[in-house]
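Visitor: I'd like to hear how the labels on this model are earned. Could you walk me through the reasoning?

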Amino acid sequence: MSGGDIAGLIAAGVFAVLVGFIAVPLLKLGRVLDSTRDAIKEASDGITPILDETATTLQETNKQLARVDVITKNVADVTGNVSALVALFAATVGGPLIKLAGFSAAVRAAFRVPGATGRSRRKAD
């Protein structure tokens, strides 16, 4: 064997050791990438049911909001009807009551003894 062959064998040995040192981090990096892929797959598998449940919840919420809107409209209608009924009652009963109160005040004033008040009559009795 010549000196060139020995130098070639030493170079090949050094190259093999260098490849060995580089292979270890590459294998570890491959494991990290596999773990990352598995984690992403698990996350996406877990997110899918959550998104489905969220969509269902939003649909049910929209249905409930539509019902609340109908109820609110009905309450507004009832409030308007009650307001109109109160106004009608006040106009129907209020006017005659005011006239009756005025009439009774006039009758009391007509039968009142001039100069006599309720206190003086009590003292006199």
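**Labels and the values behind them**

Guide: Happy to. This is a predicted model, and its accessible surface comes to about 11000 Å², with 70% of that belonging to carbon and sulfur atoms. Buried residues make up 1% of the 125 residues in the protein.

Visitor: What does the secondary structure of the protein come to?

Guide: Two helices and zero strands.

Visitor: How do you know that the span of H1 agrees with its number of residues?

Guide: Set the expected value against the model. At 1.5 Å a residue, the 109 residues of H1 should span 162 Å. The end C-alpha atoms of H1 are 152 Å apart, and that agrees.

Visitor: Where in H1 does a kink lie?

Guide: At glycine 94, shortly before proline 96, and the kink is about 30 degrees.

Visitor: Why is the pair aspartate 34 and arginine 37 called a salt bridge?

Guide: The cut-off is a Lys or Arg side-chain nitrogen within 4 Å of a carboxyl oxygen of Asp or Glu. For aspartate 34 and arginine 37, the closest N and O atoms are 3.6 Å apart, so the pair passes. Both sit in helix H1 (residues 3–111), three residues apart, and are therefore separated by about one helical turn.

Visitor: What makes arginine 37 exposed and aspartate 34 partly exposed?

Guide: Exposed means over 50% relative accessible area, buried means under 20%, and partly exposed is in between. Arginine 37 has 52%, so exposed is the word. Aspartate 34 has 38%, so the label is partly exposed.

Visitor: Which residues are linked with Asp34 in a network of salt bridges?

Guide: Arg37 and Asp38. By this rule the count for the model comes to four salt bridges.

Visitor: How do you know that lysine 41 and aspartate 45 meet in a salt bridge?

Guide: Their N to O distance is 3.6 Å, and the limit is 4 Å, so they qualify. The two are four residues apart in helix H1, which means about one helical turn separates them. As for accessibility, lysine 41 is exposed at 53%, while aspartate 45 is partly exposed at 45%.

Visitor: And what makes glutamate 60 and lysine 63 a salt bridge?

Guide: Again, check the distance: 3.5 Å from N to O is within 4 Å, so the label holds. Glutamate 60 and lysine 63 both lie in helix H1, three residues apart, about one turn of the helix. Glutamate 60 has 40% relative accessibility and lysine 63 has 46%. Both values fall between 20% and 50%, so both residues count as partly exposed.

Visitor: Which residues form a nonpolar patch on the surface?

Guide: Phe15, Leu18, Val19, Ile22, Leu26, Leu29, Val32 and Leu33, with about 770 Å² of accessible area together.

Visitor: Why does valine 19 count as partly exposed, and what lets it into the patch?

Guide: Valine 19 is found in helix H1. Its relative accessibility is 41%, between 20% and 50%, so partly exposed fits. Patch residues need over 30%, so valine 19 meets that cut-off too.

Notes: Residues numbered from 1 in each chain as written. Predicted model: local features only at pLDDT ≥ 70, side-chain atom pairs only at ≥ 80, totals over all residues. Heavy atoms only, no water. Buried < 20%, exposed > 50% of the residue type's maximum accessible area, 1.4 Å probe, protein only. Areas by Shrake-Rupley, 256 points an atom, 1.4 Å probe, with all protein chains shown as cover. Patch = residues over 30% accessible without salt bridge, like charges linked within 9 Å, V, L, I, M, F, W, Y side chains within 5 Å. Expected span 1.5 Å × (residues − 1). Bend = angle between axes of the 7 residues up to and from the residue.
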